[in-house]
Amino acid sequence: MAARAVIALVSVADVVATELADHLERRGHDVRQARQPWEAESLLAGGGIDVVVVGDSLSQAEGRDLLRRYGGQGEGGRDGPDFILICRPSDLVDKVLALELGAADVVESPLNVRELAARVGGLLSRRGRGTQELIVLENATVDLRSAIVMHRSGTEEQLSPGQVALLRLFLASPRKVLTRDDIIAAAPAENADAFDRSIDSRIVRLRRKLDTETITTIRGAGYRFDPPRQFTD
């Protein structure tokens with residue numbers, strides 16, 4: 001089994017760090033925290049970190065110094081972690097400087113913790129450390145491994161095993177029209193009386209739970225998943 005991805009939270013406000021760590025740990029990641037600059041130095045110098053989230057309780061200069069020394073091609077030419085810096089809305093110059101220094105992302109406070117967790121997941125996927133199990137739709141982010149739908153409103157819903165199987169089928173066949181027979185064969189319903197018309201009800205319930213328009217009914221043919229831009233980038 002591959003080692004878990006490691007995320008460091010550096011000087012992130014306690015109220016944010018607690019919720020963010022909970023989200024990330026439930027998704028199978030190893031979260032380590034450093035509240036003081038000297039703790040961050042010790043943590044990052046040891047290596048093995050995939051993503052660093054730097055909170056705005058650390059000065060922007062100190063955050064950029066950590067980024068310069070440990071991010072990307074850090075000191076000694078070694079590959080460093082990806083950095084996400086949290087900044088205040090008024091810190092436009094600091095935001096530009098951080099991006100120019102190679103920050104993977106800069107987010108403004110106050111922030112949505114679920115969105116931040118999704119951004120971390122995206123960086124891990126690009127590093128080959130994710131499992132491509134985090135799907136960003138128009139109004140929600142879906143964690144397939146945990147079978148959780150995280151709505152932008154902040155609410156969460158659980159997907160049933162049948163809904164996960166159905167969504168995986170659509171994800172595996174983007175822009176392809178799937179017939180009812182295709183769906184019954186690859187993602188059977190969770191009970192024995194899965195007649196033809198029950199497919200319609202399953203699609204409607206899945207669309208409603210995901211709050212998405214990406215699953216289209218093709219009259220007389222079947223259903224098609226048209227992935228949003230984020231999914232194809």
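**Exercise 1.** Which residues in H6 meet which residues in H8? Work from the predicted model above, and then describe how the two helices cross.

*Solution.* Start on the H6 side, where the contact is made by Gly-162, Gln-163, Leu-166, Leu-167 and Phe-170. Their partners in H8 are Arg-202, Ile-203, Arg-205, Leu-206, Lys-209 and Leu-210. Next, sort the residues of this contact by type: 6 are nonpolar, 2 polar and 3 charged. Now turn to the axes of H6 (residues 161–172) and H8 (residues 198–210), which come within 11 Å and cross at roughly 90°. Angles of 65 to 115 degrees count as roughly perpendicular, so that is how H6 and H8 lie to each other.

**Exercise 2.** Work out the strand order of the open sheet with 5 strands, and find the helices that pack on it.

*Solution.* Follow the pairing across the sheet, and you will read the order E2-E1-E3-E4-E5, with parallel pairing. At the edges are E2 (30–34) and E5 (105–108), each of which pairs on one side only. From one strand to the next, the twist averages 20°. Zoom in on E1 and E2: 5 bridges join them in the parallel sense, and Ile-7 stands opposite Val-31 in E2. Then add the helices. H2 (residues 37–45) packs on the sheet and touches E1, E2, E3 (51–54) and E4 (82–87); the direction of H2 makes about 145° with that of E2. H3 (residues 60–70) also packs on the sheet, touching E1, E3 and E4, and its direction makes about 175° with that of E4.

**Exercise 3.** Is Ser-11 buried or exposed, and what does its side chain reach?

*Solution.* First place the residue: Ser-11 lies in the loop between strand E1 (6–10) and helix H1 (14–26). Its relative accessibility is 5%. Buried means under 20%, so Ser-11 counts as buried. Next, look for a polar partner, and you will find the backbone oxygen of Arg-35 at 3.1 Å from the side chain of Ser-11. Finally, set aside the neighbours within four places in sequence; Ser-11 is then in contact with Ala-34, Arg-35, Gln-36, Gly-55, Asp-56, Ser-57 and Leu-58.

**Exercise 4.** Describe the hairpin of E11 and E12, and find the residue with a positive phi.

*Solution.* Begin with the strands: E11 (residues 215–218) and E12 (residues 222–225) run antiparallel and are joined by 4 bridges. Within this pair, Thr-216 stands opposite Arg-224 in E12. Then inspect the turn, which has 3 residues between the strands. Here Gly-220 is the residue to pick, with a positive phi near 80°.

How values were computed
Residues are numbered from 1 along each chain as its sequence is written. This is a predicted model: local features need pLDDT of at least 70, side-chain atom pairs count only at pLDDT 80 or more; totals for chains, interfaces and linings use all residues. Side-chain values use heavy atoms; hydrogens and water are left out. Two strands pair if DSSP finds at least two bridges between them. Buried means under 20% relative accessible area, exposed over 50%, partly exposed in between (1.4 Å probe, protein chains only). A polar contact is a pair of N or O atoms within 3.5 Å; within protein, one must be able to donate a hydrogen and the other to accept it, and residues adjacent in sequence count only if both atoms are side-chain atoms. Contact means heavy atoms within 4.5 Å. Axes are lines fitted to C-alpha atoms, for helices over the stretch in contact, and angles run from 0 to 180 degrees between N-to-C directions. Angles under 35 degrees count as roughly parallel, over 145 as roughly antiparallel, 65 to 115 as roughly perpendicular and the rest as oblique. Ala, Val, Leu, Ile, Met, Phe, Trp, Tyr, Cys and Pro count as nonpolar, Asp, Glu, Lys and Arg as charged, and the others, Gly among them, as polar.
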